[in-house]
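Reader: I am new to this structure and would like to be walked through it. May I put some short questions to you?

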Amino acid sequence: MNFLIGAFKPACNISITFSDGKSRKQVPMKKENGKTIMVSLFQSKESIAGKVSIEPLQGKKIEHLGVKVELLGQIEMYFDRGNFYDFTSLVRELDVPGDIYERKTYPFEFSTVEMPYETYNGANLRLRYVLKVTVSRNYGGSIVEYQDFIVRNYSPPPSINNSIKMEVGIEDCLHIEFEYNKSKYHLKDVIIGKIYFLLVRIKIKNMDLEIRRRESTGSGANTHVETETLAKFELMDGAPVRDTSIATDIYHFLKDSAHNHVLGIEGESIPIRLFLSPYELTPTYRNINNKFSVKYYLNLVLVDEEDRRYFKQQEIAIYRQQDS
Amino acid sequence: MIADGVEDEEKWLAAGIAGLQQNAFYMHRALDSNNLRDALKYSAQMLSELRTSRLSPHKYYELYMRAFDELRKLEMFFKEETRRGCSIVDLYELVQHAGNILPRLYLLCTVGSVYIKSKEAPAKDVLKDLVEMCRGIQHPVRGLFLRSYLAQVSRDKLPDIGSEYEGDADTVVDAVEFVLQNFTEMNKLWVRMQHQGPAREKEKREKERSELRDLVGKNLHVLSQIEGIDLDMYKETVLPRVLEQVVNCKDEIAQYYLMDCIIQVFPDEYHLQTLDVLLGAFPQLQPTVDIKTVLSRLMERLSNYAASSADVLPEFLQVEAFSKLNNAIGKVIEAQPDMPILGVITLYSSLLTFTLHVHPDRLDYADQVLGACVKKLSGKEKLEDKKATKQIVALLSAPLDKYNDIVTALKLSNYPRVMEYLDSETNKVMATVIIQSIMKNKTRISTADRVEALFELIKGLIKDLDDAFHDEVDEDDFKEEQNSVARLIQLLHSDDPEEMFKIICTVRKHILGGGPKRLPFTVPPLVFSSLKLVRQLQGQEENPFGEEESTTPKKIFQVLNQTVETLSNIPAPELALQLFLQCAEAANDCDLEPVAYEFFTQAYILYEEEISDSRAQVTAIHLIIGTLQRMHVFGVENRDTLTHKATGYSAKLLKKPDQCRAVYACSHLFWVDDQDNVKDGERVLLCLKRALRIANAAQQMSNAARGSAGSVTLFVEILNK
């Protein structure tokens, strides 16, 4: 709607600039029309300051009932498009009602703004931060201008970060153990791990590691879950076919020796090294404002020669680490 | 179906090549414009063609080689890229973003190669990472090729001693570790091929595997080229690790090939010093592995090594190479109860060759080998297996070749025992070989004992060994064989007359059993060598020792008489007759009148009783006359008897011209120039007259028959007298 207004000849040009706009980091943001623009990046508890200038079109004056700037944190569900839920709303009045004849500039500042959630563009919703300037008018409708910005919040490295170890299989067909070096990864992290093949009696064609994003919106009966596979990374081509009797022996041996792990067994282990940086991941979001959650899973998939898939999914936490 | 399969494969290969070339084209464009991102993208796509499962290893190799060439260009690009400031570490990460593992790992190896060259990280770390990451390819063919690519690009970058990549952190140990690991993994993949796919395609698979074996063996070759591997490291690390893999893989093809590979690529000196370990592995191999070939090659190599320089021989002694090999062979034979006898013999044959080369002075070793062989053969029937018998011949020929002296071989007590296991055919061949060896080397065998032993060896030629009939035996071959025996008999010689006599008796004993077919060949040489002995004795002065009781010419003649008699029995009367005459002449020279007379008597008897063919008669009578003419020992009475007989025989010849000629020849008998008592002019005249008469008769006959003067020649001949 706002764009539509912008398309017609508005009565004035409104521009919003950040005071540290030149030095502030700009990051790309995909707009609804598919275009990518660069916008400023903030994090929680930063002060957001800047200027709003209003410049009437030549020879025109603007009568207004007041000018204000709002900082909004909104969640928009796509099934309910156009309806924003504001979880943050701060207002600064910039001008009392009056007339603007010529370009007028108003400084503004929101100091130490709590922005606990990150900007997010998901499958079924988006979370955005925006500065909204409203020039209220009696007639002709109010003139509104938006300026998006992006919020990203950094987490310190987790103090506890255990590896993930699992033993899975199908009785007498397939026994594997796998190990991911951590359960929590930052966005530029590398997943290091190993898969141990203890018993392979099915003909495995290949093995992939997938990164899946599970976005759940709503709550209770209305919960809607959308799962996307963001990465499909081939780990193994072919399979280590073990002499089954040996494999079984080893397997029992493992059982007996109280999971002394496979470290004693040479070979038949497949390395995992998956760089996360090429993928468009976000941190894990848990129950954001009771509206949605975004979780990440590592899905280990084995495909046999008849294209049957055997998989095991493990949640991993993803966090954003301050770039050093 | 199969034709279709091949056609399809061609099609797939063509498609693969096309895809590869297309992406290579885009890659080149990206390289030219320094577009790293596109270069990676298209190279990954290009390498994706290698993900195919449809090609046989042979065809896959073709595709691989094309990709290999392209990767060389990419590697150059990476090198330039780092020179332009792109961090090699980043590059190393960047290529790992590829989603498909096979292109990813090819790219990783390519960048890894540049990484090592850049020396930004220790070579060992990069190598270790690469070899570890390659585990992701578990598909046998693709894995083998990938790892072979890794081996190829890393080959000149191993932190070997003296290499530029050697440093504080990088030692030759790391290089060895890397190659060993790659080798182990490749072998596993290679072995796994055997167990994949339907059982009915086993043969095809084995063929495919053998096409790929050099990829695996290459690693061993690389190992052998690492300068830093000294004997200690080889002993402590390399060999045990390689053998462990070989033994544990439990795969027949791999074990055979790899054992052979080990033997071929590493230096002989190392083998010698690690014989225990190396040989220890053999009994642990699968029972179907063709150990004999491998072990034989090992022994062959060691033999050659020993032959290469005399300096290395002490090493052999020091490590007790022979006993180790001997033990190992024993164990292998024990461990493989199904090993065909051929294998056993081949092994012993190689061992024998080895010991002959290395310990030529240790006859007992050689005998030990033969003994072991006999033990293995005992309880078995004569060998039917052609190849096995061939091997035995080789086994038995080895000492002959080596010592060039049958005498030495005769000392090997087990030698004849091994020969017994040959069928008579081969036995003959072997005997011929022995004889040829003797003749070639002009070996003198000068004691009766040895002659005895020798004839024991070649008895296949001397008599029919078994009851089997050999009707089909080629006449020429037989003659050839017997001629060689004859030559052999000629060669036997001792300066000591007594010993020589013994030899003759021994030979005689052996050849008399030879049967009618052989005697005509064997007796004459014996007779002649006996006569030689007689002459020798005669030439000597009265024996100063006076103990000639065992070897007198008389005794010899006695023996000869009997010997020749056997000939007349078989029957070979002409030959016997000739020999008798020879003997008589010899006896004549020895002034042994009775003996000579006896021989003549024998000859006459033969003439009368056995020689019936008229031509033979003519020849015989001339021989008799000729010999008789030269005799001088006879007293008047004896001479008269013999002469009359001869003249009588002459007159009774069937054809007139023959009669005529014989008779005038007889006339010589009555006139011997240097003997005064034999100048009986009257008798000569008589004879000539008689001859004339016969000639007349002959002329009349021929005139009557043909009207020509065909017999004038006879007159002329008589006149010449």
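Author: The answers below take up chain A, its contacts with chain B, the salt bridges and the cysteines. Please bear in mind that this is a predicted model.

Reader: Thank you. How many helices and strands are there in chain A?

Author: Chain A has two helices and 22 strands.

Reader: And how much of chain A counts as buried?

Author: Of its 324 residues, 47% count as buried. The accessible surface of chain A is about 16700 Å², and carbon and sulfur atoms account for 48% of that surface.

Reader: What share of the contacts in chain A joins residues at least 24 apart?

Author: The share is 68%, taken among contacts between residues at least 6 apart in sequence.

Reader: Let us look at one residue. Where does Asp148(A) lie?

Author: Asp148(A) belongs to strand β12 of chain A, which covers residues 143-151.

Reader: Is Asp148(A) buried or exposed?

Author: Asp148(A) is buried, since its relative accessible area is 11% and buried means under 20%.

Reader: What does Asp148(A) touch?

Author: Setting aside residues up to four places away in sequence, Asp148(A) touches Met29(A), Val39(A), Arg128(A), Tyr129(A) and Val130(A). With Arg128(A) there is also a polar contact between the side chains, at 3.2 Å.

Reader: Now to Phe275(A). In which strand is its place?

Author: Phe275(A) is in strand β19 of chain A, residues 269-275. Phe275(A) is buried, with a relative accessible area of 10%.

Reader: Which residues is Phe275(A) in contact with?

Author: Apart from neighbours within four places in sequence, Phe275(A) is in contact with Asp189(A) and Val190(A), and with Glu93(B), Gln96(B) and His97(B) of chain B. As for Gln58(A), which is 217 residues away along the chain, its C-alpha atom and that of Phe275(A) are separated by 55 Å.

Reader: That brings us to the two chains together. How many residues of each are in contact?

Author: On the side of chain B there are 23 residues, in contact with 21 residues of chain A. Together the chains bury about 1800 Å², with 47% of it on carbon and sulfur atoms.

Reader: Which three residues supply 25% of the area that chain B buries?

Author: They are His97(B), Arg135(B) and Gln138(B), and no other three residues supply more of the area that chain B buries against chain A.

Reader: How many salt bridges are there between chain B and chain A?

Author: There are four salt bridges between them. Arg273(A) forms a salt bridge with Asp129(B), where the closest N and O atoms are 2.1 Å apart. Across the interface there are also 12 residue pairs in polar contact.

Reader: Which helices of chain B supply at least two residues each to the side that touches chain A?

Author: Helices α4 (88-94), α5 (101-118), α6 (123-133) and α8 (172-194) of chain B each do so.

Reader: And how many salt bridges are there over all chains?

Author: The count over all chains is 44. One of them pairs Glu228(A) with Arg213(A), at 3.4 Å from N to O.

Reader: What does that pair tie together?

Author: Glu228(A) lies in strand β18 (residues 224-237) and Arg213(A) in strand β17 (residues 204-217), so the pair ties together parts of chain A that are 15 residues apart in sequence. Glu228(A) is partly exposed, with a relative accessible area of 31%, whereas Arg213(A) is buried, at 8%.

Reader: Which residues are linked in a network of salt bridges?

Author: The network links Lys194(A), Glu132(B), Arg135(B), Glu185(B) and Lys188(B). Within chain B, Arg135(B) forms a salt bridge with Glu132(B), the closest N and O atoms being 3.0 Å apart. Arg135(B) is buried at 8% relative accessibility, and Glu132(B) is buried at 18%.

Reader: One last topic, the cysteines. How many disulfides are there over all chains?

Author: The count is zero.

Reader: Why is there no bond between Cys109(B) and Cys134(B)?

Author: The sulfur of Cys109(B) is 4.1 Å from that of Cys134(B), its closest cysteine sulfur, which is too far for a bond, because a disulfide requires sulfur atoms within 2.5 Å. Cys109(B) is buried, with a relative accessible area of 1%.

Reader: What about Cys86(B), how far is its sulfur from the closest cysteine sulfur?

Author: The distance is 18 Å, to the sulfur of Cys109(B), and this too is too far for a bond.

Technical notes: Residues numbered from 1 in each chain as written. Chains lettered and ligands numbered in written order. Predicted model: local features only at pLDDT ≥ 70, side-chain atom pairs only at ≥ 80, totals over all residues. Heavy atoms only, no water. Buried < 20%, exposed > 50% of the residue type's maximum accessible area, 1.4 Å probe, protein only. Helix = DSSP H or I, 4+ residues; strand = E, 2+ residues; numbered from the N terminus. Contact = heavy atoms within 4.5 Å. Areas by Shrake-Rupley, 256 points an atom, 1.4 Å probe, with all protein chains shown as cover. Polar contact = N/O pair within 3.5 Å; in protein donor to acceptor, adjacent residues only side chain to side chain. Buried area = accessible area lost by both parts, 1.4 Å probe. Salt bridge = Lys/Arg side-chain N within 4 Å of Asp/Glu carboxyl O.
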